[in-house]
Amino acid sequence: LDHSKLISVYKVYISKPSDYPHQPSKLLLFLSSGTGIHSKNNQLQADKYASEGFVVVAPDQFAGDALSNTATDPNAAPDANPSMIEKVKMGFADTAKAFMIDMWLARQSREKILPLLHKVIEGAKDEFADAVANGDGIYAVGYCFGGKYVLLLGSELPDTVAKGQAVKDEEQGVVKSGPQIKAGAIAHGTQITKEDIQGLKVPVTMACTENDQLFPDDIRAEGQKWLVDNKVPHEIQVFPGVPHGFAVVGEYEDPKIMDAQKAAFEQMLSWLKSH
């Protein structure tokens, strides 16, 4: 049965194919949006990959400090004709949400999250050694906040950042390691910088939203140019007219969003299976 457990003292959500370990599988690291591994939608999304033959390990990368669903619910629709009082209330609510999200983001530094992910990866390599061997490495998917960390895990980083280690030998200087994954797939990444993309060493596919303030078009275009110039295998699909977060399982009624969600999953799954 699929279940939550501890790997290297950190909580993880595990989802396995129904025929595992009788049939060989590959190991997939699933990095969620800010709502974390206890979000039912994130669990359902992880389960979709398990049903396609991956042993999915979804770590609690926020160490119990996930973002409330109410702050990020893409399906929460405002009243079509709010009164002036309601408009004022919504304005205060939006300001409070923005403040809460900003405070939360400030607590989620890569210096905090990358060492946690490194320890989970090391523990998963031991626990699911057969799946790692079968896939000749670890695959990773990331949604929203998790997208940035798929890119970082696919890069070569100083151990001081990737593992949270102090410099052991001043003469030797900072030691670099990585990448820690074989291939990656991300959907509507959040807070991605051009430097995050320019560090990539592994094949990556991106399902993006048009005019996404959380992953601006100019950053994406500059990153794509770097990937082309440096011959890093990649694929980028831009989905117009859909909201940030569209690729995660949700109660959407708009057929355009539902079609884009299905297409993004097929894009990411195909990339992982072909690499």
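Accessible areas come from the Shrake-Rupley method with a 1.4 Å probe. With that in hand, start with the whole chain on screen: its accessible surface comes to about 13500 Å², and 53% of that belongs to carbon and sulfur atoms. What you're looking at is a predicted model.

**Whole chain**

Switch to a cartoon view and you can pick out ten helices and ten strands. The chain has 275 residues, and 46% of them count as buried. Take the contacts with a separation of 6 or more: 74% of these are between residues 24 or more positions apart.

Now colour by pLDDT. The average over the chain is 86, and 86% of the residues score at least 70. Select residues 71–80, though, and you'll find pLDDT under 50 throughout, with ten contacts beyond four places in sequence in the model. Where pLDDT is low, the predicted coordinates should not be read in detail.

**Helix H6**

Next, select residues 145–153, which make up helix H6. How many of its residues are buried? Nine of nine, so H6 is mostly covered. Among them are Gly146, Gly147, Val150 and Leu153.

Show the side chains of phenylalanine 145 and tyrosine 149. They sit four residues apart in H6, about one turn of the helix, and both are buried. A search of the whole structure turns up nine aromatic pairs. The rings of phenylalanine 145 and tyrosine 149 form a stacked one, 5.3 Å from centre to centre with 20° between the planes.

**Threonine 190 and histidine 188**

Keep Phe145 visible and add threonine 190. Beyond its neighbours within four places in sequence, threonine 190 touches Cys144, Phe145, Lys148, Leu214 and His244. With His244 there is also a polar contact between side chains, at 3.4 Å. You'll find threonine 190 in the loop between strand S8 (183–187) and helix H8 (194–198). Is threonine 190 buried or exposed? It counts as buried, because its relative accessibility is 11%, below the 20% cut-off.

Step back along that loop to histidine 188, which also lies between S8 and H8. Histidine 188 is buried too, at 1% relative accessibility. Check its backbone: phi is positive, about 35°, although this residue is not a glycine.

**Two more backbone stops**

Most residues other than glycine have a negative phi, and most peptide bonds are trans.

Jump to lysine 231, in the loop between helix H9 (217–229) and strand S10 (234–239). Its phi is positive as well, near 55°. Lysine 231 is exposed, with a relative accessible area of 73%.

Then go to proline 21, in the loop between S2 and strand S3 (26–31). The peptide bond leading into proline 21 from tyrosine 20 is cis, with omega near 5°.

**A ring cluster**

Select Phe30, Tyr49, Tyr143 and Phe265 together: ring pairs link them into a cluster. Add lysine 48 and look at Phe265 again. Lysine 48 lies over the face of that ring, 4.3 Å from its centre.

**Last stop: valine 9**

Finish at valine 9, in the loop between strand S1 (3–7) and strand S2 (10–15). Which side of the cut-offs does valine 9 fall on, buried or exposed? Exposed, because its relative accessible area is 67%. Draw a distance from its C-alpha to that of lysine 119: the two residues are 110 apart along the chain, yet those atoms are separated by 8.8 Å.

Note on methods
Residues are numbered from 1 along each chain as its sequence is written. This is a predicted model: local features need pLDDT of at least 70, side-chain atom pairs count only at pLDDT 80 or more; totals for chains, interfaces and linings use all residues. Side-chain values use heavy atoms; hydrogens and water are left out. Rings of Phe, Tyr and Trp (its six-membered ring) pair if their centres lie within 6.5 Å; planes under 30 degrees apart count as stacked, over 60 as edge-to-face and the rest as tilted. Helices (H or I, at least four residues) and strands (E, at least two) are DSSP runs, numbered from the N terminus. Buried means under 20% relative accessible area, exposed over 50%, partly exposed in between (1.4 Å probe, protein chains only). A charge sits over a ring if NZ of Lys or CZ of Arg is within 6 Å of the ring centre and within 35 degrees of the ring normal. A polar contact is a pair of N or O atoms within 3.5 Å; within protein, one must be able to donate a hydrogen and the other to accept it, and residues adjacent in sequence count only if both atoms are side-chain atoms. Contact means heavy atoms within 4.5 Å. pLDDT is the predictor's confidence in each residue, from 0 to 100.
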